[in-house]
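Trainee: I would like to learn how to read side-chain pairings in a model. Please start with one case and work outward.

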Amino acid sequence: MKTSWRSASLVASAAAVLALTTACGQENATSAGTQNVGATAAGDYGSVGAAAGASPGNGYGADGQDSATQTSAAGKLSVAQNPELGKVLTDGAGLTLYRFDADTAEPPKSNCDGACATTWPPVPADDATAGAGVDKSLLGEVTRADGTKQLTIGGWPAYRYAKDTKAGDIAGQGVGGKWYALAPDGRKATPASLPGLSTRNDPELGEIVVDENGHTVYRFMKDEAWPKPVSACTGSCLEKWPAVGPVAANDTKGVQKKGLMSFTRPDGVKQQTINCWPVYTFSGDKNPGDTNGQGIGGTWYAVAPDGKPVGAPKQ
């Protein structure tokens, strides 16, 4: 009797799952990674931890040694593949180049002077050239307060870190929550090997879903999930809110598997869903960790691991 009851229970559970899958569109994601449809906002990831001995509160880090290497010309810039951060911009000696969140790129301006510039030596613009993988059109310069010319990448002033003593060091990554290694395009370096979809803890929103580039994933409150996914974001909307492409279930981490599948949009393009709800990124999020799309129009919200919109008014 017990065996028969358990067997019947398992059959009923399987039937319920099948019914849920059928109602959600019957399509499974097969892509190995995320691909956004429409305008994409590639980007980079944040801190992997402050350097040992750093003072995270002041944004500068620990006092460092100003060496001839740290103050030398940039030389031929190149791209290094870092196991933690992915592609990182380096100078001619292989030292990691950094950017400072307190600076600006439009227009370029350095806000690191005095003791800050001792710990984070500005990279001189003299003799800087673009090596393999570096777009020379992104190289520029900015005049510092002392009149010297500092190298800029994509408008961002470039620095070395005094505690990086050899090629490949990234001791400056995340110091003070303001210093980050430069990607070849001037943005923050992207961490390597992020799953197609995963989660991160946002200080304001809590645990939210991000794509393989570390960018926040959103839901559109005008969309539908039942009995099948329907996206109400079309045309110019997709330029601002690129649809997340299919992601394989085994290429996710921390995201609810129920309702995790793709569906075909009217234009023939497949879009990913979480709990059957279509998901997107926001072109206004320039860096990983940005949540600039949160609450826009009262219809766009970050996505929780179970697919629910974070911070949306209860309906």
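Mentor: Begin with a polar contact in this predicted model: the side chains of aspartate 103 and tyrosine 159 are joined at 2.6 Å.

Trainee: Where is aspartate 103 found?

Mentor: Aspartate 103 lies in the loop between E4 and E5.

Trainee: Which residues is aspartate 103 in contact with, leaving aside its neighbours within four places in sequence?

Mentor: With those neighbours left out, aspartate 103 touches Lys109, Ser110, Asn111, Cys112, Trp156, Pro157 and Tyr159. Tyr159 is the polar partner just described.

Trainee: What is the nearest side chain of opposite charge to aspartate 103, and how far away is it?

Mentor: The general idea comes first. Side chains of opposite charge can pair when their charged atoms come close. In this case the nearest such side chain, arginine 144, is 6.7 Å away from aspartate 103. A salt bridge needs a nitrogen-to-oxygen distance within 4 Å. Aspartate 103 is buried and has no salt bridge.

Trainee: Which residue does arginine 144 form a salt bridge with?

Mentor: The partner of arginine 144 is aspartate 113, with 3.0 Å between the closest N and O atoms. This pair links distant parts of the chain, 31 residues apart. Aspartate 113 sits in the loop between strand E6 (108-109) and helix H3 (115-119), while arginine 144 sits in the loop between strand E8 (139-143) and strand E9 (149-153).

Trainee: Are aspartate 113 and arginine 144 buried or partly exposed?

Mentor: Take them one at a time. Aspartate 113 has a relative accessible area of 37%, so it is partly exposed. Arginine 144 has 8% relative accessibility and therefore counts as buried.

Trainee: How many salt bridges are there by this rule?

Mentor: The count is 6 salt bridges. Among them is the pair of arginine 160 and aspartate 91, whose closest N and O atoms are 2.6 Å apart. These two are 69 residues apart and link distant parts of the chain. Arginine 160 belongs to the loop between strand E10 (156-157) and strand E11 (179-181); aspartate 91 belongs to the loop between strand E3 (86-90) and strand E4 (98-100). Both arginine 160 and aspartate 91 are buried.

Trainee: Which side chain does aspartate 101 meet in a salt bridge?

Mentor: Aspartate 101 pairs with lysine 188, at 3.3 Å from N to O. Again the link is between distant parts of the chain, here 87 residues apart. Aspartate 101 is in the loop between E4 and strand E5 (104-105), and lysine 188 is in the loop between E11 and strand E12 (197-202). Aspartate 101 is partly exposed at 32% relative accessibility, whereas lysine 188 is buried at 10%.

Trainee: Now the covalent links. How many disulfides does a search of the whole structure find?

Mentor: The search finds 2 disulfides. One of them is formed by cysteine 112 and cysteine 116, with sulfur atoms 2.0 Å apart. Cysteine 112 also appears in the list of contacts of aspartate 103. Cysteine 112 is buried, at 0% relative accessible area, and cysteine 116 is buried at 0% as well.

Trainee: Why is the disulfide of cysteine 112 and cysteine 116 called left-handed?

Mentor: Read the sign of the torsion about the S-S bond. For cysteine 112 and cysteine 116 it is about -110°, so the disulfide is left-handed.

Trainee: Which cysteine is joined to cysteine 233?

Mentor: Cysteine 237 is the partner, with an S to S distance of 1.9 Å. The torsion about the S-S bond is about -110°, so this disulfide is left-handed. Cysteine 233 is buried at 0% relative accessibility. Cysteine 237, at 19%, is buried too, because the cut-off is under 20%.

Terms used
Residues numbered from 1 in each chain as written. Predicted model: local features only at pLDDT ≥ 70, side-chain atom pairs only at ≥ 80, totals over all residues. Heavy atoms only, no water. Disulfide = S-S within 2.5 Å. Buried < 20%, exposed > 50% of the residue type's maximum accessible area, 1.4 Å probe, protein only. Helix = DSSP H or I, 4+ residues; strand = E, 2+ residues; numbered from the N terminus. Lys, Arg positive; Asp, Glu negative; His and termini not counted. Polar contact = N/O pair within 3.5 Å; in protein donor to acceptor, adjacent residues only side chain to side chain. Contact = heavy atoms within 4.5 Å.
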